[in-house]
Amino acid sequence: MTHLPRLRPALAALLAAILAAVPLAAEEFFPLTNPADLGIADGEEVGELVFRGAVEIEPDEARIGGISGLEWHGGKLHAVSDDGRWLTITPDAINRSLVDVAAMEIGPLLDAEGDELTDKRRADAEAIARLPSGEWLVGFEREHRVWRYDDYRAAPSASEDRAAPLIAGASANSGIETLAGFADGFLACGEWVDAERPNCLRVTGGSASAFHLPAPEGIAEAGGVPTDAACRADGTCYVLFRSYRREEGNRAAIVEIAEDTAPRTLAVMRPPMKLDNFEGLALREAAGRTYLYLVSDDNFRNCADNDAPGCQRTLLAKFEIPSDEPPPPPADVAPPENYETTAVVIETELGDITVALETERAPITAANFLRYAEEDRFDGTVFYRAMKLDREPMPNGLIQGGTQQDPQRVLPGIEHEPTSETGLSHTNGALSMAMGVPGTANGDFSIMLQDQTGLDARPDSDNPTWRNGYAVFGYVTDGMDVVAAIHARPGDPDRGEGVMKGQMLAEPVRIIDVRRVEEE
């Protein structure tokens with residue numbers, strides 16, 4: 001994060017990499033994906049949903065496939081597979097539309113003794129859900145059961161027996177396919193729709209209430225059955241139905257259910273849409289928007305390995321549940337009250353931004369900013385740059401302003417205070433010093449929109465820039481709407497070099513005054 005004239009190409013490329021993602025775990029890998037043609041266009045409505053893109057994931061050496069069940073947590077999708085493995089999928093989006101898979105992890109599910117599940121009869125995992133307690137539920141068929149995990153990468157901690165009545169007498173290949181957690185319980189559904197036999201169970205506390213959930217019109221006639229679900233915290237759930245008929249292929253449907261309310265069909269997907277065997281559904285709520293992810297089970301007959309008749313694809317698709325409510329602006333962030341801070345107002349032509357400078361945790365950097373403010377060195381400068389990142393939540397990126405190496409304004413560079421020592425982080429609303437190398441930061445600074453923790457120091461990195469990171473020295477406490485308004489200004493496509501091409505504002509935003517907030 002240095003200013004334009006001094007930005008070296010190598011540093012610019014590195015900055016792009018840092019902003020693109022946080023460091024990946026050693027087990028993660030990058031799968032080969034291709035855009036998936038579902039026969040509908042991005043942004044097209046499917047029932048009450050809006051299509052937001054799909055990708056096809058190839059098997060890779062890791063034998064990706066057999067995916068059943070899906071859950072969103074911690075910025076990733078979590079899944080299980082028919083051969084007794086867990087998976088994580090990190091999706092990549094541009095302007096809310098799914099365009100790629102940035103990373104995956106795969107590992108074995110374990111039994112109570114800590115041994116891997118290798119026998120198909122015991123390893124056929126079909127559903128996964130995360131509970132508010134942080135525990136995970138994993139449902140298996142053939143040997144029907146639901147296990148509780150504190151961490152699904154470790155051995156299970158207990159058996160979840162409250163769902164047992166649902167699977168009593170179930171055939172080997174028709175067990176619990178659907179698990180989803182909500183604030184005070186979970187939903188479980190079996191892979192059948194016989195009206196004489198309840199196929200779903202809502203568990204709350206110590207009680208369990210069974211009910212029949214019919215397949216909606218448009219898939220019922222094709223033999224549709226529940227195959228996964230995802231729930232909001234309030235207990236409103238979305239249930240995925242799927243069907244397959246040899247003469248036509250796959251159908252899918254999504255039904256919204258809530259207590260004391262009749263089921264509502266959001267969408268039915270059928271030919272001529274180009275579908276596959278969707279068995280996983282996840283709900284993601286971000287920046288006032290609600291998304292549903294669907295994943296298909298290729299039954300380990302992936303078309304990338306064998307394009308014979310009957311081959312299947314591993315598809316990851318994204319849909320949005322539209323809302324009339326606009327997404328909220330980035331929230332103002334107040335620092336913890338147990339550290340000393342100094343309040344400062346950055347008055348701009350678009351409004352005021354109030355910040356809390358971390359004078360205790362980042363004393364050198366905060367004092368430097370205060371000196372520029374008290375000597376009026378910021379007055380009349382501009383916010384000149386807006387980096388716009390195409391990832392959720394939106395808006396996302398940073399704005400940058402300050403002295404731009406004006407010899408009449410800049411002071412000597414200051415000692416670097418890495419986040420690994422201050423304990424601060426490039427989270428939403430953070431102020432961070434621009435610099436080339438440690439010791440060169442002076443009068444240019446940035447403000448984060450959403451978390452950009454890839455800019456934090458990484459002491460174990462072999463690269464000096466990654467190792468040092470950038471210095472956070474304060475947080476916005478009021479005025480993130482002004483930050484967002486600056487960020488929304490259009491860039492000049494002809495200005496900037498390297499990754500900064502097009503990021504320089506066509507009309508920079510003037511900084512009128514920077515001053516301490518007077519105590520009342």
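Arginine 251 counts as buried, because its relative accessibility is 9% and the cut-off for buried is under 20%. This value comes from a predicted model. Arginine 251 sits in strand E18, which covers residues 249–258. Which side chain does arginine 251 join through a polar contact of 2.5 Å? The partner is the side chain of glutamate 248. Setting aside neighbours within four places in sequence, arginine 251 also touches a list of residues including Gly218, Glu221, Phe241, Arg245, Met269 and Leu275.

Now let's look at the sheet around this strand. Four strands, in the order E16-E17-E18-E19, make an open sheet with antiparallel pairing. At its edges are strands E16 and E19, each paired on one side only. On average, neighbouring strands here are turned by 25° against each other, direction ignored. Between E18 and E19 the antiparallel pairing runs over 6 bridges; alanine 258, for example, has threonine 261 in E19 as its bridge partner.

Next come the nonpolar cores. In soluble globular proteins, nonpolar side chains tend to be buried together. Here are two such groups:

| Core | Size | Some members |
|---|---|---|
| Largest nonpolar core | 45 residues | Ile346, Phe383, Ile447 |
| Another core, apart from it | 26 residues | Met269, Met273, Leu294, Phe319 |

Isoleucine 447 is one of the residues that touch the most other members of the largest core. Beyond its neighbours within four places in sequence, isoleucine 447 is in contact with residues including Ile353, Phe383, Leu398, Leu431 and Val483. Met269 links back to the start of this report: this member of the 26-residue core is also among the contacts of arginine 251.

Key: Residues numbered from 1 in each chain as written. Predicted model: local features only at pLDDT ≥ 70, side-chain atom pairs only at ≥ 80, totals over all residues. Heavy atoms only, no water. Helix = DSSP H or I, 4+ residues; strand = E, 2+ residues; numbered from the N terminus. Buried < 20%, exposed > 50% of the residue type's maximum accessible area, 1.4 Å probe, protein only. Polar contact = N/O pair within 3.5 Å; in protein donor to acceptor, adjacent residues only side chain to side chain. Contact = heavy atoms within 4.5 Å. Pairing = 2+ DSSP bridges. Axes fitted to C-alpha atoms, helices over the stretch in contact; angles between N-to-C directions. Core = buried A, V, L, I, M, F, W, Y, C linked by side-chain atoms within 4.5 Å.
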